[in-house]
Amino acid sequence: MRFRTFLLLSLLYVWSGKDGKAQGTQIQADCQIPFSIAATTVPANVPSSSGYNNKVKQCGTWILAYEAPTTVSAISIVLQSASDTAGAPGTFGTFSGTTIVGSNPSTAVPNAQFASQGNPAWVRVHLTSATGTGTVAGSAYGWIVPPQVYTSGSSGGPTSNVNVAQYGGTNVSLGQALMAASMPVVVASNQSAIPVSFTPSGTQDINLKQVNGHTVLEGGANGGQGVGGLAGATASAVGNPVRIGGKDGSGNIQDFKVDTQGNNYNYLGCNASAEVALSGTGYVEIVAGTASQVIKICKVLVTSVSGGNPTVNSFSVASATITSCASPTELALYGAVTGVADDWGGALASASGKSICVSESVANSDKVTISYQKATF
């Protein structure tokens, strides 16, 4: 019957060679308990009399490997140990050392292997049960010093036991795991770039929080921050860096404000005009105010209603209460003029939420025309 040698045994080689090439030589076991047990004779022990005397060599690492024929459907085999009592074994039980690979007892079919550490006085193989017919064969191997694999030219021999089932005293397993349960991996500083492929599934937000302490991208939903700290739709402007701006007189970076229509805070022009005929000496509303908005005036033009220059008169432009023009605050006064054609370039402006009202000192049926821009600044 073919017997599969324990996987670890196939790795236990020292490497040598005068030409520097690797040549493998299997490390021989210091202790060995071969067995061949008929499945119909269980329970059975090998050695059957008193067990294997480990007091002389004191092998401290044991590997048990076995194989059963396909006619055996179930099995239970265990490596046992016993203490010494007046030169004879005491009561045998499951190996008193630590199982470092596999499981002791083993119930795997048709073959399996496991490793344990410990150097009890007496050792034996115990086939507890087997369902079927045929012969269960194998061997228990023992080493005084745990064998190591090392390369040609390396100095010294084995320095410590190797526990392949644990890392840092913690059991490890295959597959994905949380960072705390994973072995650390160090990428060399001269490692070439590692390509990363990301295929999103469904709707996914992206949150690349910060670079050097500055928010660079955050969002995914309307109203979130945009690239470089820019606000998303309907959101307040937050984060760094400054959007579009310049350095002020104190050396600080300032961004440009815009109105609700996207016009720059530093007024550039007017997009509307209005005119009103004056028939008395009181204030008349020429542009109705809007809550939270400012009216900026570009040009003021005063003519007679019929055209041409008005009679010598004084004219006033004021910021006042919407519709009623109450509590006016005078913005500009043109005294004793025969007409006005003045360019303010947006510098003449109402207070927020106020109307622009005009008046003349004498009722001469004159007409006032202005060009303006109204928005929240």
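**Figure 1. The accessible surface of the whole chain.** In this predicted model, the chain exposes an accessible surface of about 22000 Å², and carbon and sulfur atoms account for 53% of that area. The chain has 377 residues, of which 31% count as buried. Readers looking for helices will find zero of them here, while the strands number 28. Take the contacts between residues at least 6 apart in sequence: 69% of these join residues at least 24 apart.

**Figure 2. A nonpolar patch on the surface.** Which residues make the nonpolar surface patch? The patch is built from V185, V187 and I194, and its area is about 320 Å². For a closer look, pick out V187, which sits in the loop between strand 16 (170-171) and strand 17 (210-211). The relative accessibility of V187 is 52%, and because the cut-off for exposed is over 50%, V187 counts as exposed.

**Figure 3. Three disulfides and how they pair.** The structure contains three disulfides, shown one by one in the next views. If you number the bonded cysteines of the chain in sequence order, they pair as 1-2, 3-4, 5-6.

**Figure 4. The disulfide of C31 and C59.** The sulfur atoms of C31 and C59 lie 2.0 Å apart and form a disulfide. The link of C31 and C59 is right-handed, with 85° about the S-S bond. Distant parts of the chain are linked by this pair: C31 belongs to strand 3 (residues 31-38), whereas C59 is in the loop between strand 5 (52-53) and strand 6 (61-67), with 28 residues separating the two. Are these cysteines buried or exposed? Both C31 and C59 are buried.

**Figure 5. T61 and its surroundings.** Strand 6 is also where we find T61. With a relative accessibility of 8%, T61 counts as buried, because the cut-off for that class is under 20%. What is T61 in contact with, leaving aside its neighbours within four places in sequence? The contacts of T61 are S116, Q117 and G118, then Y141, G142 and W143, and also P146.

**Figure 6. The disulfide of C270 and C298.** Here the bonded sulfur atoms belong to C270 and C298 and are 2.0 Å apart. This link is right-handed, and the angle about the S-S bond is 100°. C270 lies in the loop between strand 20 (253-255) and strand 21 (272-277), and C298 lies in strand 23 (residues 294-304), so the disulfide ties together parts that are 28 residues apart in sequence. The two partners are worth viewing separately. C270 is partly exposed, at 27% relative accessibility, whereas C298 is buried, with a relative accessible area of 11%.

**Figure 7. The disulfide of C325 and C357.** In this view, C325 and C357 form a disulfide whose sulfur atoms are 1.9 Å apart. Is the link of C325 and C357 left-handed or right-handed? It is left-handed, with -85° about the S-S bond. The pair connects distant parts of the chain, 32 residues apart: C325 is in the loop between strand 24 (313-320) and strand 25 (329-337), and C357 is in strand 27 (residues 355-360). Both C325 and C357 are buried.

Technical notes
Residues numbered from 1 in each chain as written. Predicted model: local features only at pLDDT ≥ 70, side-chain atom pairs only at ≥ 80, totals over all residues. Heavy atoms only, no water. Disulfide = S-S within 2.5 Å. Helix = DSSP H or I, 4+ residues; strand = E, 2+ residues; numbered from the N terminus. Buried < 20%, exposed > 50% of the residue type's maximum accessible area, 1.4 Å probe, protein only. Contact = heavy atoms within 4.5 Å. Areas by Shrake-Rupley, 256 points an atom, 1.4 Å probe, with all protein chains shown as cover. Patch = residues over 30% accessible without salt bridge, like charges linked within 9 Å, V, L, I, M, F, W, Y side chains within 5 Å. Salt bridge = Lys/Arg side-chain N within 4 Å of Asp/Glu carboxyl O.
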